[in-house]
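Me: I would like to learn how to read the features of a helical model. Please take them one at a time, with the general idea before the case.

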Amino acid sequence: MNNEIPIELSLLIWTAALTILQMLVSALGSISQIGLTTLAGNRDNLTETTGWASRAQRAHRNMLESIAVFAILVMSAHHLNISNDMTAVSYTHLTLPTKA
């Protein structure tokens with residue numbers, strides 16, 4: 001019995017970890033520019049973040065949009081027992097950052 005995790009599932013785990021890290025960076029940026037008290041309160045008239053904090057928020061939102069599709073592809077391939085060099089290269093290509 002092989003207990004090794006397929007590369008596709010490993011990439012999904014690392015992608016989830018990166019998503020959590022992006023959330024923390026985005027939250028820290030918002031806290032530094034807006035303040036924790038304001039963020040914890042009513043967000044109706046919240047001011048926009050700028051600079052790196054704004055970029056961190058956009059990167060995190062982008063990751064949230066794409067991780068669902070990525071997870072479906074990985075789990076489908078795993079369920080169908082499809083794991084070869086081509087799927088590993090494809091998933092690696094999907095997880096590489098692109099210029100936004």
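Reply: Start with the core. A nonpolar core is a set of buried Ala, Val, Leu, Ile, Met, Phe, Trp, Tyr and Cys residues joined through side-chain atoms within 4.5 Å. In soluble globular proteins, nonpolar side chains tend to be buried together. The model here is predicted, and its largest nonpolar core has five residues: Leu-9, Leu-11, Leu-12, Phe-70 and Val-74.

Me: Which elements each supply at least two residues of this core?

Reply: They are H1 and helix H3, residues 51-79. The largest share, three residues, is from H1.

Me: What is the secondary structure of the protein chain as a whole?

Reply: The chain has four helices and zero strands. Read from the N terminus, the order of elements is α-α-α-α. The chain has 100 residues, and 27% of them count as buried.

Me: How should I read nonpolar residues that lie on the surface? Which residues form the nonpolar patch?

Reply: A residue can enter a patch if its relative accessible area is over 30% and it has no salt bridge. In this model the nonpolar patch consists of Leu-18, Leu-21, Val-25, Leu-28, Ile-31, Leu-36 and Trp-52, and together they have about 660 Å² of accessible area. Helix H1, residues 7-34, gives the patch its largest share, five residues.

Me: Is Val-25 buried, exposed or partly exposed, and why?

Reply: The class depends on relative accessible area: buried is under 20%, exposed is over 50%, and partly exposed is in between. Val-25 lies in helix H1. Its relative accessible area is 35%, so Val-25 is partly exposed.

Me: Where is Ile-13 placed, and is it buried or exposed?

Reply: Ile-13 is in helix H1 as well. Ile-13 counts as exposed because its relative accessibility is 51%. Ile-13 and Ala-71 are 58 residues apart in sequence, with 9.5 Å between their C-alpha atoms.

Me: Is Ser-54 buried or exposed?

Reply: Ser-54, in helix H3, has a relative accessibility of 17% and therefore counts as buried. Ser-54 and Ser-30 are 24 residues apart in sequence, and their C-alpha atoms are 8.1 Å apart in space.

Me: Now the pockets. What is the volume of the second largest pocket, and which residues are the closest to its centre?

Reply: The general idea is that rolling a probe the size of a water molecule over the atoms shows where empty space is left. In this case the second largest pocket has a volume of about 190 Å³. Its lining has 14 residues, and the closest to the centre are Ser-30, Leu-39, Arg-43, Leu-46 and Gln-57. H1 and H3 are the elements that give two or more residues to this lining, and H1 gives the most, with six residues.

Me: Last, the backbone. What is the phi of Asn-81, and where is this residue found?

Reply: Asn-81 has a positive phi, about 55°, although it is not a glycine. Asn-81 sits in the loop between H3 and helix H4, the latter being residues 85-95. With a relative accessibility of 69%, Asn-81 counts as exposed.

Notes:
Residues are numbered from 1 along each chain as its sequence is written. This is a predicted model: local features need pLDDT of at least 70, side-chain atom pairs count only at pLDDT 80 or more; totals for chains, interfaces and linings use all residues. Side-chain values use heavy atoms; hydrogens and water are left out. Patches are made of residues with over 30% relative accessible area and no salt bridge: like charges are joined within 9 Å, nonpolar side chains (Val, Leu, Ile, Met, Phe, Trp, Tyr) within 5 Å. Accessible areas come from the Shrake-Rupley method with a 1.4 Å probe; for residues, only the protein chains shown count as cover. A salt bridge is a side-chain nitrogen of Lys or Arg within 4 Å of a carboxyl oxygen of Asp or Glu. Buried means under 20% relative accessible area, exposed over 50%, partly exposed in between (1.4 Å probe, protein chains only). On a 1 Å grid over the protein atoms alone, a cavity is a set of points where a 1.4 Å probe fits but cannot get out, and a pocket is an open set with protein on both sides within 12 Å along at least five of seven lines; lining residues have an atom within 4 Å of a point. Grid points are joined across faces, edges and corners, and a volume is the space filled by probe spheres set on the points.
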